[in-house]
Amino acid sequence: MSAARELAAGAPLITDNNNRMATSSVYELGCGMSPDAAGRILAPYDPLQRPDSFVYRELGRALSFDYIARRLAIFVPLDASLADRLKKMGAALGETPQGDYVRALALSVSGRNEAAMQAVREAAFLRGDSPLLDFELVRPHLGELAANRAAADVVVAAEKLTGGAAAVIQGSKFAGANEWGALAALDSTLAQARWTDPWYVESTQHTRRLAQQGDDAGAQAPAGRRSPESDRSLGSCRTGGRALRLAVPAPHSRQNGPTR
């Protein structure tokens, strides 16, 4: 309530004759507030943009800020203020792998894709052991890894990854060679990817490839596999010249999961 009073301080009262909360006439006259304008007005009250907020102080260990940042990045084409929001998030996270990642993402959504990848490369080297940064370094080069043509720093980063991230890399090699039986052996590991994992999209793509192969062969997909009709859908957001591949819930999904 105190924040609401602070936001409304000094504003004239809303009355029947002057209802500034009414929306139909605003849209009809084309004078409504844009998402960018609304975002900038609310920025001082946004806990994600305030380093001293409860989000970082009390919830820091419980939240996946890189996942939150990826979700926000989807909507930058609709709301340019989100680019500044990501910048401030990156600053608030400080010298941490998530801070490095979010700052690089802020560069990317601003159209500075080469600078973003260079920032990831440097941060991955300096941190030494960050699955988040290592996978982001590897992600654009999965095809090159599969063909044994990747640069040395990419190979080093890939070799450090384990679990689901390593399964994605190995799965790319198997899929590229049409070795579907070998890819199927990774299915249980791939299916464990969480919404917040940076490799969630790639894991889901592999399991869908397997499901498609099963459909083509008239075979039933393994029980633990995600169905192609799963209400988790794959989204793609192109920012500048670089595609940010993100996990996005279907518009009418009833699946419980992280929200915007």
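What follows is a chat between two people about a predicted model and the labels given to some of its residues.

Colleague: Why is Glu202 called buried?

Modeller: Buried means under 20% relative accessible area. Glu202 has 2% relative accessibility, so it counts as buried.

Colleague: And what makes Arg139 buried?

Modeller: Its relative accessible area is 10%, and the cut-off is under 20%, so Arg139 gets that label too.

Colleague: How do you know that Arg139 and Glu202 meet in a salt bridge?

Modeller: The call needs a side-chain nitrogen of Lys or Arg within 4 Å of a carboxyl oxygen of Asp or Glu. For Arg139 and Glu202 the N to O distance is 2.9 Å, so the pair fits that definition. Arg139 is in the loop between helix 9 (131–138) and helix 10 (142–146), while Glu202 is in helix 15 (residues 200–216), so the pair ties together parts that are 63 residues apart in sequence.

Colleague: What makes Arg103 and Glu95 a salt bridge?

Modeller: Their closest N and O atoms are 3.8 Å apart, and the limit is within 4 Å, so the pair counts.

Colleague: Why is Glu95 called exposed, and why is Arg103 called partly exposed?

Modeller: Exposed starts over 50%, and Glu95 has a relative accessible area of 64%, so it is exposed. Arg103 has 26%, which falls between the 20% and 50% cut-offs, so partly exposed is the term.

Colleague: What about Asp36 and Arg40, how do you know that they form a salt bridge?

Modeller: Their closest N and O atoms are 2.9 Å apart, so they pass the 4 Å limit. Both sit in helix 3 (residues 35–42), 4 residues apart, about one turn of the helix. Asp36 is partly exposed at 24%, and Arg40 is partly exposed at 40%.

Colleague: Which residues are linked with Asp36 and Arg40 in a network of salt bridges?

Modeller: Asp84 and Lys87 are linked with them in that network. The whole structure has 15 salt bridges.

Colleague: Switching to the nonpolar side, what makes Leu7 eligible for a surface patch?

Modeller: Patch residues need over 30% relative accessible area, and Leu7 has 45%, so it clears that bar while counting as partly exposed. Leu7 is in helix 1 (residues 2–8), and it forms the patch with Met33, Ile41, Leu42 and Tyr45, with about 470 Å² of accessible area together.

Colleague: Which residues have the most contacts inside the largest nonpolar core?

Modeller: Leu86, Met89 and Val138, in a core of 51 residues. Leaving aside neighbours within four places in sequence, Val138 is in contact with residues including Leu145, Val154 and Ile169.

Definitions and conventions
Residues are numbered from 1 along each chain as its sequence is written. This is a predicted model: local features need pLDDT of at least 70, side-chain atom pairs count only at pLDDT 80 or more; totals for chains, interfaces and linings use all residues. Side-chain values use heavy atoms; hydrogens and water are left out. A nonpolar core is a set of buried Ala, Val, Leu, Ile, Met, Phe, Trp, Tyr and Cys residues joined through side-chain atoms within 4.5 Å. Buried means under 20% relative accessible area, exposed over 50%, partly exposed in between (1.4 Å probe, protein chains only). Contact means heavy atoms within 4.5 Å. Patches are made of residues with over 30% relative accessible area and no salt bridge: like charges are joined within 9 Å, nonpolar side chains (Val, Leu, Ile, Met, Phe, Trp, Tyr) within 5 Å. Accessible areas come from the Shrake-Rupley method with a 1.4 Å probe; for residues, only the protein chains shown count as cover. Helices (H or I, at least four residues) and strands (E, at least two) are DSSP runs, numbered from the N terminus.
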